[in-house]
Amino acid sequence: MALDTYSTTIAVASIAVSGITIGIGVIGPAIGEGRAVATALSSLAQQPDASATITRTLFVGLAMIESLAIYCFVVSMILIFANPFWDRALT
């Protein structure tokens, strides 16, 4: 009985923390990507001759920003599927 309660508590906490991690973890990158694209489009409108440089820099920046969201996704998947507290709950 106590094992079931402890396992359920760990499962609920893992799912809740995973959701919070994804929710908070994608807000920053989403805002950053939006601002980067807006700034890049503004720069392209002002300097069309530098479009190759601006576009290349934009894509590198977007990849770096997107990696933060991917890290949060990986952490949330670890919390759900490879939580280290499961071993402690099952023993």
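This is a short tour of a predicted model, going from whole spans down to single residues.

**The annotated spans**

Begin with residues 6-27. An unreviewed UniProt entry lists residues 6-27 and 58-82 under "transmembrane region". Residues 6-27 are 100% helix and 0% strand, and the C-alpha atoms at the two ends lie 32 Å apart. Next, select residues 58-82. Here the chain is 96% helix and 0% strand, with 35 Å between the end C-alpha atoms.

Now widen the selection to residues 18-79. The unreviewed UniProt entry gives this range as "domain: V-ATPase proteolipid subunit C-like". Over the range the chain is 94% helix and 0% strand, yet the end C-alpha atoms are 6 Å apart.

**The loop**

Go to Ala-50. This residue sits in the loop between helix H1 (2-46) and H2. Is Ala-50 buried or exposed? Ala-50 counts as partly exposed, because its relative accessibility is 25%. Then add Leu-79 to the selection and draw a distance between the C-alpha atoms. Ala-50 and Leu-79 are separated by 29 residues in sequence and by 44 Å in space.

**Helix H2**

Select residues 51-81, which make up helix H2. How does the span of H2 compare with what its 31 residues should give? At 1.5 Å a residue the expected span is 45 Å, and the end C-alpha atoms are 44 Å apart, so the two agree.

Within H2, pick out Ile-54, Leu-58, Leu-62, Ala-69, Cys-72 and Ser-76. These residues of H2 are buried. As background to such a list, residues three or four places apart in an α-helix point the same way, because the helix has 3.6 residues a turn.

**Ser-76**

Centre the view on Ser-76, in H2. Its relative accessible area is 1%, under the 20% cut-off, and therefore Ser-76 is buried. What does Ser-76 touch, leaving aside residues up to four places away in sequence? Its contacts are Ser-18 and Ile-22. Both Ser-18 and Ile-22 fall in the span 6-27 that the UniProt entry lists as a transmembrane region.

**The nonpolar patch**

Last, select Ile-70, Phe-73, Val-74 and Ile-78. Together they form a nonpolar patch on the surface, with about 350 Å² of accessible area. Take Ile-70 as one of them: it is found in helix H2. Ile-70 counts as partly exposed because its relative accessibility is 45%. Showing the patch and Ser-76 together puts two parts of the tour in one view: a nonpolar surface patch and a buried residue.

Definitions and conventions
Residues are numbered from 1 along each chain as its sequence is written. This is a predicted model: local features need pLDDT of at least 70, side-chain atom pairs count only at pLDDT 80 or more; totals for chains, interfaces and linings use all residues. Side-chain values use heavy atoms; hydrogens and water are left out. UniProt positions are given in the numbering used here, feature names are shortened, and annotations may be inferred rather than shown by experiment. Helices (H or I, at least four residues) and strands (E, at least two) are DSSP runs, numbered from the N terminus. Buried means under 20% relative accessible area, exposed over 50%, partly exposed in between (1.4 Å probe, protein chains only). Contact means heavy atoms within 4.5 Å. The expected span of a helix is 1.5 Å times one less than its number of residues. Patches are made of residues with over 30% relative accessible area and no salt bridge: like charges are joined within 9 Å, nonpolar side chains (Val, Leu, Ile, Met, Phe, Trp, Tyr) within 5 Å. Accessible areas come from the Shrake-Rupley method with a 1.4 Å probe; for residues, only the protein chains shown count as cover. A salt bridge is a side-chain nitrogen of Lys or Arg within 4 Å of a carboxyl oxygen of Asp or Glu.
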